[in-house]
Amino acid sequence: MGRIIAVDQERRFAFVELAGDAPPAALTEGGELLVRSLAELRETARLAVSRHVRGRTLGTSIAKGRPAVGEEVVWVAP
């Protein structure tokens, strides 16, 4: 669905660059996204979707963990 492009751990925000095929349902405010490392595909964080979308950039709140720039962001469909 996308990749982490910026993280502000102090304010608990992360910004995601969305892939061109990101499903609209994944962008619902309050929805949950998973962040995982590229090498082991291990979950590193969970994000809460915000209403802040500009072009292909999505603003999120860090709900759990420590996402890092470059990590993969995935949406688990209900």
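In the predicted model, strand 3 and strand 6, the latter comprising residues 72-74, pair in the antiparallel sense over three bridges. Within this pairing, Val35 is placed opposite Val73 of strand 6. On the side of strand 4, strand 3 again pairs in the antiparallel sense, here over five bridges, and Leu34 stands opposite Arg46 of strand 4. Strand 3 and strand 4 together form a hairpin in which six residues lie between the two strands, and Leu41, located in the turn, adopts a positive phi of about 55 degrees.

These pairings belong to a closed barrel of six strands, which runs in the order 1-2-5-4-3-6 with antiparallel pairing. Neighbouring strands of this sheet are turned against each other by 45 degrees on average when direction is ignored. Elsewhere in the barrel, strand 1 (residues 2-8) and strand 2 pair in the antiparallel sense over six bridges, and Val7 has Ala14 in strand 2 as its bridge partner.

The largest nonpolar core contains 15 residues, of which Met1, Ile4, Val16, Leu33, Leu47 and Leu58 touch the most other members. Two or more residues are given to this core by each of strand 2 (13-18), strand 3 (32-36), strand 4 (43-54) and strand 5 (57-65). In soluble globular proteins, nonpolar side chains tend to be buried together. For Ile4, when neighbours within four places in sequence are left aside, the contacts include Ala14, Phe15 and Val16, together with Val35 and Leu47; a further group of its contacts is formed by Pro67, Ala68, Val69, Gly70, Glu71 and Val73. Val73, which is in contact with Ile4, is also the residue of strand 6 that stands opposite Val35.

A polar residue with a buried position is found in strand 5, where Thr60 lies. Thr60 has a relative accessible area of 1% and is therefore classed as buried, the threshold being under 20%. A polar atom of the Thr60 side chain lies 2.8 Å from the backbone oxygen of Ala14, the residue that is also the bridge partner of Val7. Not counting residues up to four places away in sequence, Thr60 touches Arg12, Phe13, Ala14 and Val16, as well as Leu33, Leu47, Ala48, Val49 and Ser50. Among these contacts of Thr60 are Val16, Leu33 and Leu47, which are listed with the core residues that touch the most other members. Ala14, Val16 and Leu47 are in contact with Ile4 and are likewise touched by Thr60.

Conventions. Residues are numbered from 1 along each chain as its sequence is written. This is a predicted model: local features need pLDDT of at least 70, side-chain atom pairs count only at pLDDT 80 or more; totals for chains, interfaces and linings use all residues. Side-chain values use heavy atoms; hydrogens and water are left out. A nonpolar core is a set of buried Ala, Val, Leu, Ile, Met, Phe, Trp, Tyr and Cys residues joined through side-chain atoms within 4.5 Å. Buried means under 20% relative accessible area, exposed over 50%, partly exposed in between (1.4 Å probe, protein chains only). Helices (H or I, at least four residues) and strands (E, at least two) are DSSP runs, numbered from the N terminus. Contact means heavy atoms within 4.5 Å. A polar contact is a pair of N or O atoms within 3.5 Å; within protein, one must be able to donate a hydrogen and the other to accept it, and residues adjacent in sequence count only if both atoms are side-chain atoms. Two strands pair if DSSP finds at least two bridges between them. Axes are lines fitted to C-alpha atoms, for helices over the stretch in contact, and angles run from 0 to 180 degrees between N-to-C directions.
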